[in-house]
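Colleague: Could you take me slowly through one part of this model, the surroundings of a single buried side chain in the second chain? I would like to see how that residue and the helix beside it fit together.

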Amino acid sequence: MYEFKFHRPTTVRQAAGLLARQEEAKLLAGGHTLIPTMKLRLAGPKHIIDMSQIEGISGIEMKGRSLVIGALTRHVEVATSPIVKENIPALAELAGLIGDPAVRHRGTIGGSVANNDPNADYPAAVLGLGATVITNKRRIAADDFFKGLFETALEPDEIIVRFQFPKVNKAAYMKFPNPASRFALVGVFVSKRGSDIRVAVTGAGSNGVFRVTSFEEALKKRFGAKSLDGMTIPADGMSSDIHGSAEYRAHLVGVLARRAVAAATA
Amino acid sequence: MTAVAMTVNGKAVTGDVDPRTLLVQFLREHLRLTGTHVGCDTSQCGACVVHVDGKAVKACTTFAWQVQGANITTIEGLAEPNGPLHPMQEAFRENHALQCGYCTPGMIMSAVDIVWRKGNELDEKTIRHELEGNICRCTGYHNIVKAIAAGAKAMAKA
């Protein structure tokens, strides 16, 4: 691991100031991506800005029709929260599928979404529920947030502080985990909120999380697994590696979308 | 260098460490508590699991300074000093749940955490699912699963 200095700001404003001022600075939330990446010397930030001492950026509450989750909220808290289970159970289930219990004790929703790993679970929920990402500067709609592999709309000194998830009528997440890493080889999140239907896919796309508009159109006619019978997506643009070919991933998108809709309507 | 202070197995400890020092290095190399193992060093195998404020955490993926002020329990601190083995340790012994023993400290620390979260009556499916973050290369898990089920029950009586 390369040498670094660390900082422990107590407000978001201080953290943003450090991010803006220090060259090659990185935010540290749960650390379960950043620390392994630093050990491999794939990342070598000169400054680590630890978010754990910042008050008010963790926790879960309902505000009107929205579920609000602080950026530093750990996976285990989302997975076991009675508020999440009651209002968007699919989100609690998704959080309970991330990594393993020890990883869920440390990893955070803000860290996962800001990192935008193409195989991470949370991006599928944020896009699949049409959430709003609230930063220290602005509100960003999920549709405008994810920009490609490990790329987001976040500016260099911008920090996610919380997420706002609209309460939906129906939702489910189906994941085909890589048997070794437990990352999503493919994961599909579906939701229905009135006439707003979303099908978001993680793990499959070579450009990160994406929506399947053809599936969404079919589900607008009738929100049932049968509406997707025989539907597939092209293998073009799918990832291909030792874990699965582009064709295999494209096939899984159809299979998992049908299973997710079946689970959401069960 | 950075000053760290925490409670490990009930004792207040301090150290002056490089910021890069991982919790597992601090425990093993500074405190000489070598029961916590480094297996994969990539956050996957769980040989380094310890309890941080009562929760199972991978000590290889945590900087020592991140747990400033925290209460840490390692495998050395699970049983009472000079007392009998912790019921989960005893269950691992009784059920022959180890061969080389390398993964065992992490397995036991994770197992205790599973009992805290899921209760004393654990079925095989739950145990296997909850053990996703702990890898054993010898046993095939069979006796580990048996031991955890037995240890969970024994913890209710302890």
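Modeller: What follows starts from one residue and moves outward to the helix and then to the cores. This is a predicted model, in which local features need pLDDT of at least 70 and side-chain atom pairs count only at pLDDT 80 or more, while totals for chains, interfaces and linings use all residues. Residues are numbered from 1 along each chain as its sequence is written, chains are lettered from A and ligands numbered from 1 in the order in which they are written, and side-chain values use heavy atoms, with hydrogens and water left out.

The residue to begin with is T74(B), which sits in the loop that links strand 5 (71–73) to helix 2 (87–94) of chain B; helices (H or I, at least four residues) and strands (E, at least two) are DSSP runs, numbered from the N terminus. Because its relative accessibility is 0%, T74(B) counts as buried, a term that means under 20% relative accessible area with a 1.4 Å probe, protein chains only. Its side chain makes a polar contact with the side chain of E76(B) at 2.6 Å (N or O atoms within 3.5 Å, where within protein one must be able to donate a hydrogen and the other to accept it, and residues adjacent in sequence count only if both atoms are side-chain atoms). When residues up to four places away in sequence are set aside, T74(B) touches V8(B), N9(B), L27(B), L33(B), T36(B), V50(B) and M109(B), contact being heavy atoms within 4.5 Å.

One of those neighbours, L27(B), leads into helix 1 (residues 23–30) of chain B, where L23(B), V24(B), F26(B) and L27(B) are buried. These four cover an arc of only 165 degrees around the axis, which puts them on the same side of helix 1 of chain B; the arc is that of the directions from the helix axis to the C-beta atoms. Among the elements that cover them are strand 1 (2–8), strand 2 (11–17), strand 3 (49–52) and strand 5 of chain B. Just after this helix, R32(B) adopts a positive phi of about 60 degrees.

Two of the residues named above return in the wider picture of the cores. In the largest nonpolar core, of 39 residues, I69(A), L91(A), V113(A), Y122(A), V126(A) and F165(A) touch the most other members. Apart from it lies another core, of 31 residues, which includes A43(A), L22(B), V24(B) and V50(B); a nonpolar core is a set of buried Ala, Val, Leu, Ile, Met, Phe, Trp, Tyr and Cys residues joined through side-chain atoms within 4.5 Å.

Key: Buried < 20%, exposed > 50% of the residue type's maximum accessible area, 1.4 Å probe, protein only.
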